[in-house]
Each structure stands twice: as C-alpha cells, then as structure tokens.
Amino acid sequence: MRHASRRLAPAIGIVLSLAVSGCATITRGSTQALTINSLPVGATASLSNGERCTTPCTLKLKRKHPVAVEVCKAGYEPVLTQVLSQVAGAGAAGMAGNVLVGGLIGVGVDAATGATKDLTPNPLSVTLAAGEPGCAAPTFPGVPDGGQTPQEYAAQAKKKAKGKAEPAQKAEAAQGEAKQADVAEAAAPAAPSEG
C-alpha cells in the first residue's frame, strides 16, 4: 500500500498543478470594470474600442487591452487620455503562484488572457475646462498600441453573446420537445381498461 501511494504522488501533483494553472485567470478573471467620472457629470466618454457611455459610467473591458478615452461635453474643451494595461500587484502574485504550482501552462494562460494586468487609472476621473467653442460632437479616439479596434471588440462581444445563447437555445429546444411530448401524450387515445 505504501508503494502505491508513492507511485501516485507524482501523478496527483501533476493533476493538481494542471488544475490550478492559470491562477490569475481563475482568481481575477480576464475582464475588469472601468469606471469613468467627469466633472461636470453628463459628459460623453468615447473609447477607442467603440464603446460609449455618459458619465458617471462603468464598462466591463478586457484587462489586456489599453484604451484611449475622449471625454466631451458641450461648452467644455474635450479631454483625450489613455487607460493603460499594466501588470498589477495581485496579477504578479497570481503569476508567481503559477511559477511555483502551475508551471509554464498557467503562466501562458495568464499572459494570453491578460489576467495579470489591471487597467489604470481606474477609476478614470476627468475635470473638464469650460471653453468655447467647446466640444461640438464626441468622436472615437484612435486605437493605442496593443488596443482593440472597434471591429475586434464587436467580434469579441458577438462571439461571447453566441456562446451564452447556445446553452439557452438548447434549453429552449429541450423544453419545446418536452411540451410536444406532453401534448402528444394527452392527445393519444387512452388504452381500454380491463374490467
């Protein structure tokens, strides 16, 4: 019995290391909520990935992509700034955990998903300066190095929505089949009773 457990120990270690690979991906996720504030409130924030919101607002973005942000409000000068994607303290700790436990697979997963990174600054707070003619119409800023284009962002969102829709469609199909079976059972003539 003692020999069997010694033989299993390396296999168990390998399975555990694979199970916890991608530690930062599991513990932090690959997306982050970015909050954008402005003074005065009610400004339009336009992001280089094609997202747009009215301040104060919060958007869920991939950690691994920096974004350029234009904040615009009529009667105020527009402000153009960047939110960077940088390795964070918690992300670095997750990466270190991978080196110790998860090995190269976990390091690769975290690097590919951007889970070791944070969007900074977050929250993004912008003070607008009054000025004429001010911001006439909001525009989408250019895409920074490493950022997503609006087309890439839309394709990612479409892929994610499709992935969520498939289980729901399967569940709806199963419910439809169950209803059809119930209707067919109710419509079937009753078997004669033996009396």
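The exercises below, each with a worked solution, lead through a predicted model of one protein chain.

**Exercise 1. Describe the overall make-up of the chain: how many helices and strands are there, and in what pattern do they follow along the sequence?**

Begin by counting the elements, which gives 4 helices and 10 strands in the chain. Next, read along the sequence, where the pattern runs α-α-β-β-β-β-β-β-β-α-β-β-β-α. Then turn to burial, and find that 29% of the 195 residues of the chain count as buried. The accessible surface comes to about 12000 Å², and 62% of that surface belongs to carbon and sulfur atoms. Finally, take the contacts between residues at least 6 apart in sequence: 73% of these join residues at least 24 apart.

**Exercise 2. Find which residue forms a salt bridge with D118, and say where the two partners lie.**

As a first step, search the whole structure, which yields 1 salt bridge. In this salt bridge D118 is paired with R63, and the closest N and O atoms are 2.6 Å apart. The two residues belong to distant parts of the chain, since D118 sits in strand β8 (residues 117-120) while R63 sits in the loop between β4 (57-62) and β5 (67-72), 55 residues apart. As a general point, side chains of opposite charge can pair when their charged atoms come close. The last step is to ask how far R63 is covered: its relative accessibility is 8%, and because buried means under 20%, R63 counts as buried.

**Exercise 3. Identify the cis peptide bonds at P121 and P133, and state which residue each proline is joined to.**

Start with P121, which is joined to T120 by a cis peptide bond whose omega is about 0 degrees. This proline belongs to the loop between β8 and β9 (124-127). Continue to P133, where the peptide bond from E132 is cis, with omega near 5 degrees. P133 lies within a strand, namely β10 (residues 130-134). For background, most peptide bonds are trans.

**Exercise 4. Work out which residues line the largest pocket, and which element gives the largest share of the lining.**

The volume comes first: the largest pocket holds about 180 Å³ of space. Its lining is made up of T31, K60, L61, K62, Y153, Q156, A157 and K160. Two elements, β4 and α4 (150-187), each give two or more residues to this lining. Of these residues, 4 come from α4, and this is the largest share. Sorted by class, the lining has 3 nonpolar, 2 polar and 3 charged residues.

**Exercise 5. Describe the largest cavity, and then place Y153, one of its lining residues, in the structure.**

A search of the whole structure for cavities of 30 Å³ or more finds 1, and the largest cavity has a volume of about 30 Å³. The residues around this cavity are N49, L61, K62, H65, V67, Q148 and Y153, and they divide into 3 nonpolar, 3 polar and 1 charged. Y153 also takes part in the lining of the largest pocket, and its place is in helix α4. With a relative accessibility of 14%, which is under 20%, Y153 therefore counts as buried. When its neighbours within four places in sequence are left aside, Y153 is in contact with N49, E51, K60, L61 and Q148. Among these partners, L61 is 92 residues from Y153 in sequence, yet their C-alpha atoms are 9.4 Å apart in space.

**Exercise 6. Decide for each of the loop residues T55 and D145: is it buried or exposed?**

Take T55, which lies in the loop between β3 (52-54) and β4. Its relative accessibility is 4%, under the 20% limit, so T55 counts as buried. Beyond its neighbours within four places in sequence, T55 is in contact with I36, N37, S38, P40, V41, G42, A43 and A45.

Now take D145, which belongs to the loop between β10 and α4. Here the relative accessibility is 76%, and because exposed means over 50%, D145 counts as exposed. D145 is 80 residues from H65 in sequence, while the C-alpha atoms of these two residues are 8.8 Å apart in space.

Methods. Residues numbered from 1 in each chain as written. Predicted model: local features only at pLDDT ≥ 70, side-chain atom pairs only at ≥ 80, totals over all residues. Heavy atoms only, no water. Salt bridge = Lys/Arg side-chain N within 4 Å of Asp/Glu carboxyl O. Buried < 20%, exposed > 50% of the residue type's maximum accessible area, 1.4 Å probe, protein only. 1 Å grid on protein atoms, 1.4 Å probe; cavity = no way out; pocket = protein on both sides within 12 Å on 5 of 7 lines; lining within 4 Å. Points joined across faces, edges and corners; volume = space filled by probe spheres on them. Nonpolar A, V, L, I, M, F, W, Y, C, P; charged D, E, K, R; others polar. Contact = heavy atoms within 4.5 Å. Areas by Shrake-Rupley, 256 points an atom, 1.4 Å probe, with all protein chains shown as cover.
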